[in-house]
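Me: I would like to go through this model with you, one short question at a time. Please reason briefly and finish on the value or name I ask for.
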Amino acid sequence: MEPIDSAETETADTLMTTVSRHHFGDEMDEPAFSISIIENMKEDYGLFVWPCSVVLAEYVWQQRLRFSGAGVLELGAGTSLPGLVAAKVGADVTLTDDSSRLEVLDNMKRVLDLNKLECNVMGLTWGVWDASTFSLHPKFVLGADVLYDASAFDDLFATVTFLLQSSPGSVFITTYHNRSGHHLIEFLMVKWGLKCVKLLDAFSFMPSHKASGLSGNLQLAEIVLDSQRAEIPVLH
């Protein structure tokens, strides 16, 4: 087997990289601003803007008065579109993804530079606690399409519960494909002492020109700690 020329490899990687632009505003012809995202098609899922990210980012824009001046943390941020929109409307944003996914964390920094935005970038592995995790007190926790791997659901909900406990009155806002695992999600919310306070069909609030590019049963949920639940799993 002949060795792969490094120049050829670099060229191939470059060809797989694209920059997409996402516009936000009440008028399609005159958007308030746009966000540029560096995507890489050779990545499995971490460096691609999925429909759930588009939906959550649009929701942040429409709810921008809630987010302005608030602390926001995005879980499993990947290309970070929702978090970047939150930063654009005046939130104090921390972007996180799995600590082992250095290429995703590096891409976040490049995207921040590209958009001239300042956010904290940190590795945060669901279900793993370290000193930096205990310093987080976000008002809003965002998660776009984080409910895709059932084997990670418990770690995700443990992390969400911890973050909500650390900041009274905080909210977890997630967008997801309503697949057959929906009942598992409901079970885990009960297990971790959480409750859904708002559930929306994505197409109920997406502008028509954005909705036309989406497919599937996409939903948005706002989730909070259930104050009626006295017993919430203790996190060590």
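Me: Is Lys 191 buried, exposed or partly exposed?
Reply: This is a predicted model. Buried needs under 20% relative accessible area and exposed needs over 50%. Lys 191 has 35% relative accessibility, so Lys 191 counts as partly exposed.

Me: Which residue meets Lys 191 in a salt bridge?
Reply: The N to O distance of this salt bridge is 3.1 Å. The cut-off is 4 Å. The partner counts as partly exposed, at 31% relative accessibility. The partner of Lys 191 is Asp 154.

Me: How many residues apart in sequence are the parts that Asp 154 and Lys 191 tie together?
Reply: Asp 154 and Lys 191 meet in a salt bridge. Asp 154 lies in helix α7, and Lys 191 lies in helix α8 (residues 182-191). The pair therefore ties together parts whose separation in sequence is 37 residues.

Me: How many of the 13 residues of α7 are buried?
Reply: Helix α7 covers residues 153-165 and reaches 18 Å from its first C-alpha to its last. Its buried residues include Phe 153, Leu 156, Phe 157 and Phe 162. The helix is largely enclosed by the rest of the structure, because the buried count is 10.

Me: Which residue forms an aromatic pair with Phe 67?
Reply: The count of aromatic pairs comes to 7. In this one the ring centres are 4.4 Å apart and the planes are at 35 degrees, so the pair is tilted. Phe 67 lies in helix α3 (residues 64-67) and its partner in strand β6 (residues 140-144), so the pair ties together parts that are 73 residues apart in sequence. Both residues are buried, and the partner is Phe 140.

Me: Which residue forms an aromatic pair with Phe 162?
Reply: This pair is tilted, with 4.9 Å centre to centre and 40 degrees between the planes. Phe 162 lies in helix α7 and the partner in the loop between β5 (120-123) and α6 (131-134), so the pair ties together parts that are 33 residues apart in sequence. Phe 162 is buried at 11% relative accessible area, whereas the partner is partly exposed at 22%. That partner is Trp 129.

Me: Which strand holds the partner of Lys 198 in its salt bridge with Glu 222?
Reply: The closest N and O atoms of Lys 198 and Glu 222 are 3.8 Å apart. Lys 198 lies in strand β8 (residues 194-201), and the two parts are 24 residues apart in sequence. Glu 222 lies in strand β9.

Me: Which residue joins Lys 198 and Glu 222 in one network of salt bridges?
Reply: Lys 198 is partly exposed, with a relative accessible area of 30%. Glu 222 is buried, at 5%. Salt bridges that share partners bring in Arg 66.

Me: Which residue has its charged end over the ring of Trp 61?
Reply: Trp 61 forms one aromatic cluster with Phe 24 and Phe 33. The charged end of Lys 210 sits over the ring of Phe 24, 3.9 Å from its centre. Over the ring of Trp 61, 3.7 Å from its centre, sits the charged end of Arg 64.

Me: Which residue meets Arg 101 in a salt bridge?
Reply: The N to O distance is 3.5 Å. Arg 101 is buried, with a relative accessible area of 16%. The partner counts as buried too, at 5%. The partner is Asp 97.

Notes
Residues are numbered from 1 along each chain as its sequence is written. This is a predicted model: local features need pLDDT of at least 70, side-chain atom pairs count only at pLDDT 80 or more; totals for chains, interfaces and linings use all residues. Side-chain values use heavy atoms; hydrogens and water are left out. Helices (H or I, at least four residues) and strands (E, at least two) are DSSP runs, numbered from the N terminus. The expected span of a helix is 1.5 Å times one less than its number of residues. Buried means under 20% relative accessible area, exposed over 50%, partly exposed in between (1.4 Å probe, protein chains only). A salt bridge is a side-chain nitrogen of Lys or Arg within 4 Å of a carboxyl oxygen of Asp or Glu. Rings of Phe, Tyr and Trp (its six-membered ring) pair if their centres lie within 6.5 Å; planes under 30 degrees apart count as stacked, over 60 as edge-to-face and the rest as tilted. A charge sits over a ring if NZ of Lys or CZ of Arg is within 6 Å of the ring centre and within 35 degrees of the ring normal.
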